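Q: Please take a close look at one helix and its surroundings. I would like the cut-offs stated along with the result.

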Amino acid sequence: MDLSLMASSLPKLLSAAVITIKLLSASLIIGLFIGLLFAILRLSKNSIINRFAYAYSYVFRGTPLLVQIFIIYYGLGQIEYFRSTFLWVIFKEPYWCAIIAFALNTGAYTSEILRSAFQTIKPGIIEAGKSLGISNKIIFYKIQIPVAIRQSLPAYGNEIILMMKGTSLASTVTLMDITGVAKHIVSTTYKPLEIFITAGGIYLFMTFIIHNLIKYLEKKYSFQ
Amino acid sequence: MDFLTFGKTGWGDELFYATLMTIAVSITAMLIGFLFSAIFTPLKLSSNKFLNLIANSYTTVIRGVPELLVIYLFFFGGSGAIMYVASIFGYNDYIEINAFITGSVAIGIISGAYSTEVFRGAIQSIDKGQFEACKVLGLKRYIYFLKVIMPQMLRLAIPNLSNVWQITLKDTSLISVTGLVEIMRQSYIAAGSTRDPLFFYSFAAVLYLMLTFLSMKLINKLEIKYSRGF
């Protein structure tokens, strides 16, 4: 074990952590909106909309994230027409491709988490709202959504950690996140053990922080 | 669809063998995972604090670190570590480990961390009376485990193990970085030589979907079998 190498690579890996955090937060924010939208579509009575939302979550949960990134980054650029549209400005950047792939992936899992949360809301809460004469729209936005979010916190916490681990795949489309930088340092120093263990330590620390943050939020917003 | 013909010009047979490779790696990794959980689940449930600590650090570290990093560590660090051990015993030649073995072990260790949690949860939710009854009846330890605890544990564990299986199956796509020719690697090669990444990666996605779909059907049958009588 070359401890001095571990220490000297730490600043480089930590500055790469900024990209990991950026990728994670951007995809989580977009993914939350996608997830909420598709969870609502899943609850729709219209069977076409319902099936469409189910197909979305099934496909994104049933295929590896790596395939999804590769389709978006390598695949879409192949379509001639697509390259002439304004969207190409976004899709030619590996950074945005990674965020889009991550967001679509976490959106699929989030939609499942939120859907089951919506379905397990006690009907009494909604009935109470109705008996107070609150309109359906306000019941949905002010009662159902907050309760569903609270109920899905533990599962969503797991999803955040899974997504954080997923961001390491950004290194496969040339991005220099923690894993990307670690691999680059290994290719120049030939010390895989030291570098990957240091990188793993940073990820573990991030997992620890997210885990405790979610626990804190669970306690703060508990019903008791 | 010309791309998918079998024979020299198409990629059909290559992709077929690649799919078999994905299945082989997934099953091997899952079995290695069971081996790890057979070691770590008892440690987790033990009353010894030190053994608990070992098992908890295994599951926490593995589940808190990206799969890709674990695979890189094994692939780039694995042969170095083995050569170091071999050099202690006086063997100094270069040792290269097979990509299939490295990949299966790396994914297996990850899969094992998840299965350990599943088995621990399943054993803990078995009624305490069952354990006490076995003791009262004076059953031998292995009979009591095989005939009483195991069937009840499996019933509780199978739904969650099916999640672990899905995670393991999807994780095998990451082994493509080590050069093992499974679905992802084969698609990468085909996409490179035909310049049609969209088709081949989409087809890879379809293959993975098929595998997850079919394995879910199989697991559902198992689930029905093991939940008989409840």
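The request and its answer follow.

Q: Which buried residues does α3(A) have, and what do they pack against?

A: This is a predicted model, in which local features need pLDDT (the predictor's confidence in each residue, from 0 to 100) of at least 70, side-chain atom pairs count only at pLDDT 80 or more, and totals for chains, interfaces and linings use all residues. Residues are numbered from 1 along each chain as its sequence is written, while chains are lettered from A and ligands numbered from 1 in the order in which they are written.

Chain A has ten helices and zero strands; helices (H or I, at least four residues) and strands (E, at least two) are DSSP runs, numbered from the N terminus. Its C-alpha trace spans about 70 × 50 × 25 Å along the principal axes. The average pLDDT of chain A is 92, and 99% of the residues score at least 70. Within chain A, confidence is lowest in helix α4 (residues 80-84), with a mean of 81, and highest in α2(A), at 95.

A residue is buried if 20 or more other C-beta atoms lie within 10 Å of its own, exposed if 12 or fewer, and partly exposed in between, with C-beta atoms placed from the backbone. By that count, 38% of the 224 residues of chain A are buried. Helix α3 of chain A (residues 65-75) is mostly covered, with ten of its eleven residues buried. These are A:Leu65, A:Leu66, A:Val67, A:Gln68, A:Ile69, A:Phe70, A:Ile71, A:Ile72, A:Tyr73 and A:Gly75.

The buried residues of α3(A) pack against α2 (47-62), α6 and α8 (136-166) of chain A, and also against α7 and α8 of chain B. Two residues are in contact if their C-beta atoms, placed from the backbone, lie within 7 Å. One residue of the helix, A:Val67, is in contact with B:Ala204. Leaving aside neighbours within four places in sequence, B:Ala204 also contacts B:Ile183, B:Met184 and B:Ser187.

A nonpolar core is a set of buried Ala, Val, Leu, Ile, Met, Phe, Trp, Tyr and Cys residues joined through C-beta atoms within 7 Å. The largest such core has 105 residues, of which A:Ile69, B:Val70, B:Ile71 and B:Ala204 touch the most other members. Helix α6 of chain A (residues 94-119) gives the largest share of this core, 13 residues.

Across the chain boundary, 28 residues of chain B are in contact with 27 residues of chain A. On the chain B side, α2 (49-64), α3 (67-88), α7 (183-194) and α8 (197-226) each supply at least two residues.
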